[in-house]
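Dear colleague,

I am handing over the structure below, and my notes on what was found in it follow directly after. Please read them alongside the coordinates when you have a moment.

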Amino acid sequence: MARRNDHTREELIALTLDTVKEFLTTHSHHELSLRKLANKIGYVPSTLVNVFGNYNLLLLHAVAQTLDELALESKKVVERCNHSTKALYELAYCYHDFAARHPYRWQLIFEHNMNGEELPEWQAQRIDGMTSMLEYLLKAVAPHRSDQEVVKASRVLWAGVHGITLLSVDDKFFAAEPIEGKVLIENLLSSYLKSW
């Protein structure tokens with residue numbers, strides 16, 4: 001076992017989160033535990049609790065890391081577009097593609113539970129950053145819409161894209177022929193935006 005002073009606090013955080021990320025490349029977070037993770041990096045579980053507070057917060061840091069990566073990819077995709085409507089489509093496709101490339105990390109984002117604890121401000125800001133990107137694009141597409149209407153539309157579209165992505169990644173469309181998730185996303189967005 002590594003001793004407490006083998007790594008700085010920052011190095012131990014990075015080592016731990018890198019190990020979680022690597023594990024989630026091929027396994028669900030359901031197969032991971034504090035003990036298993038500590039064993040993988042050569043520390044005792046209590047050291048990780050001292051650094052992160054508890055296992056739940058440790059996983060929340062892994063979620064934050066994943067959200068940061070998704071936000072960076074989303075920002076790049078949106079910045080490449082010269083039209084807000086096209087950017088909306090590309091943002092939705094980016095969401096789908098990210099989930100398809102990182103299914104277990106993406107799964108952790110939505111299955112992680114604070115178990116009654118309040119969501120830390122640093123995590124709430126990440127979530128706000130993702131939803132505000134969608135709201136900004138919708139406001140650009142329909143500047144005559146009120147802020148309340150934009151927020152409502154953003155949640156409808158996000159829920160739809162999320163549902164399609166979830167079913168696509170898990171291959172749960174239950175259709176005789178394969179269904180491409182991005183085709184359904186395109187259908188959803190075009191139908192919704194036309195009537196909105």
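**Two residues and a pocket**

Valine 49 lies in helix α3, which covers residues 45-52; please keep in mind throughout that this is a predicted model. With a relative accessibility of 31%, valine 49 counts as partly exposed, because that class takes in whatever falls between the 20% limit for buried and the 50% limit for exposed. If neighbours within four places in sequence are left aside, valine 49 is in contact with Leu34 and Asn54. Lysine 21 is 28 residues away from valine 49 along the chain, and the C-alpha atoms of the two are separated by 18 Å.

Glutamine 123, which is found in helix α7, has a relative accessible area of 2% and is therefore buried. Its contacts, again leaving aside neighbours within four places in sequence, are Leu60, Val63, Ala64 and Leu67.

As for the largest pocket, the space in it comes to about 540 Å³, and 25 residues line it, with Tyr95, Phe110, Met130, Thr131 and Trp158 lying nearest its centre. At least two residues of that lining are supplied by each of the helices α4 (55-79), α5 (84-101), α6 (103-111), α7 (121-141) and α8 (147-169). Sorted by character, the lining of the largest pocket consists of 19 nonpolar residues, 5 polar ones and 1 charged one.

With best regards

Technical notes. Residues are numbered from 1 along each chain as its sequence is written. This is a predicted model: local features need pLDDT of at least 70, side-chain atom pairs count only at pLDDT 80 or more; totals for chains, interfaces and linings use all residues. Side-chain values use heavy atoms; hydrogens and water are left out. On a 1 Å grid over the protein atoms alone, a cavity is a set of points where a 1.4 Å probe fits but cannot get out, and a pocket is an open set with protein on both sides within 12 Å along at least five of seven lines; lining residues have an atom within 4 Å of a point. Grid points are joined across faces, edges and corners, and a volume is the space filled by probe spheres set on the points. Helices (H or I, at least four residues) and strands (E, at least two) are DSSP runs, numbered from the N terminus. Ala, Val, Leu, Ile, Met, Phe, Trp, Tyr, Cys and Pro count as nonpolar, Asp, Glu, Lys and Arg as charged, and the others, Gly among them, as polar. Buried means under 20% relative accessible area, exposed over 50%, partly exposed in between (1.4 Å probe, protein chains only). Contact means heavy atoms within 4.5 Å.
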